[in-house]
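Please work through the exercises below with the sequence and the structure side by side, and try each task before reading its solution.

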Amino acid sequence: MLEAIENNLKRGVKLLNNISDENYSNTSIAPYYSSIGGHVRHILDVFDCIFEGLESSEINLINRKRNNLVENITEQGIHYFNEIITKLNSLENDNFDKIVKVTDDLGLGIITANYTLSAVLIQA
């Protein structure tokens, strides 16, 4: 599982190494007017929330950092990818069946559900 996740993250780094800041941050395409950088930042923020909540076993996805530099500057995105990959690699000996509480706002209010660590990593 960790190898597959890391491979996908490295594909993101490869993309960012081959795209201009202008294309990365472009929000002019209908119908959503969101950028590649915005999507990248969102995904990496989810991983960051997981790592922030591991010690307490309480992962709050509402607390995403939403760093504008990460979604507008490819170099910042690459740095964030590498931070997440480093943290992912530190999980090798963790208990992936460990139960963690995951909190998010799905639009109708805040909910908390139990996940395994592996399930929340796979979802990310």
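Four exercises follow, each with a worked solution.

This is a predicted model, in which local features need pLDDT of at least 70, side-chain atom pairs count only at pLDDT 80 or more, and totals for chains, interfaces and linings use all residues. Residues are numbered from 1 along each chain as its sequence is written, and side-chain values use heavy atoms, with hydrogens and water left out.

**Exercise 1. A residue in the first helix**

Task: Locate I5, decide whether I5 is buried or exposed, and state which residues I5 touches beyond four places in sequence.

Solution. Begin with the secondary structure: I5 belongs to helix α1, residues 2-16, where helices (H or I, at least four residues) and strands (E, at least two) are DSSP runs numbered from the N terminus. Next, take the accessibility: the relative accessible area of I5 is 10%, so I5 is buried (buried means under 20% relative accessible area, exposed over 50%, and partly exposed in between, with a 1.4 Å probe and protein chains only). Then list the contacts, defined as heavy atoms within 4.5 Å: not counting residues up to four places away in sequence, I5 touches F47, L88 and L121. Finally, note that I5 and I85 stand 80 residues apart in sequence, while their C-alpha atoms are 8.8 Å apart in space.

**Exercise 2. Two helices that pack**

Task: Describe how α1 and α5 are oriented to each other, and which residues make the contact.

Solution. The first step is the geometry: α1 packs with helix α5 (residues 74-89) at an angle of about 165°, and their axes are 9 Å apart. Here axes are lines fitted to C-alpha atoms, for helices over the stretch in contact, and angles run from 0 to 180 degrees between N-to-C directions. The two helices are therefore roughly antiparallel (over 145 degrees; under 35 counts as roughly parallel, 65 to 115 as roughly perpendicular and the rest as oblique). The second step is the residue list: α1 contributes L2, I5, E6, L9, K10, G12, V13 and L16, and α5 contributes T74, G77, I78, F81, N82, I84, I85, L88 and N89. The third step is to sort the contact of α1 with α5 by class, which gives 10 nonpolar, five polar and two charged residues. In this scheme Ala, Val, Leu, Ile, Met, Phe, Trp, Tyr, Cys and Pro count as nonpolar, Asp, Glu, Lys and Arg as charged, and the others, Gly among them, as polar.

**Exercise 3. The sheet**

Task: Work out the order of the strands in the sheet, and say which are the edge strands.

Solution. Start from the pairings, bearing in mind that two strands pair if DSSP finds at least two bridges between them. Strand β1 (residues 58-60) and strand β2 (residues 99-105) run parallel and are joined by three bridges, with I59 having V102 as its bridge partner in β2. Strand β3 (residues 110-116) pairs with β2 in the antiparallel sense over seven bridges; V102 stands opposite A113 in β3, V100 opposite Y115, and D105 has I110 as its bridge partner. Putting these together gives an open sheet of three strands in the order β1-β2-β3, with mixed pairing. The edge strands are β1 and β3, each of which pairs on one side only, and the twist averages 25° from one strand to the next. To finish, look at the hairpin of β2 and β3, where four residues lie between the strands and G107 takes a positive phi near 105°.

**Exercise 4. Backbone details in the loops**

Task: Find where the peptide bond is cis, and where Y33 and R66 lie.

Solution. The peptide bond from A30 to P31 is cis, with omega near 5°, and P31 sits in the loop between α2 (21-24) and α3 (36-53). Y33 is placed in the loop between α2 and α3 as well; although Y33 is not a glycine, its phi is positive, about 55°, and at 49% relative accessibility Y33 counts as partly exposed. R66, in the loop between β1 and α4, is likewise not a glycine and has a positive phi of about 55°, while its relative accessible area of 40% makes R66 partly exposed.
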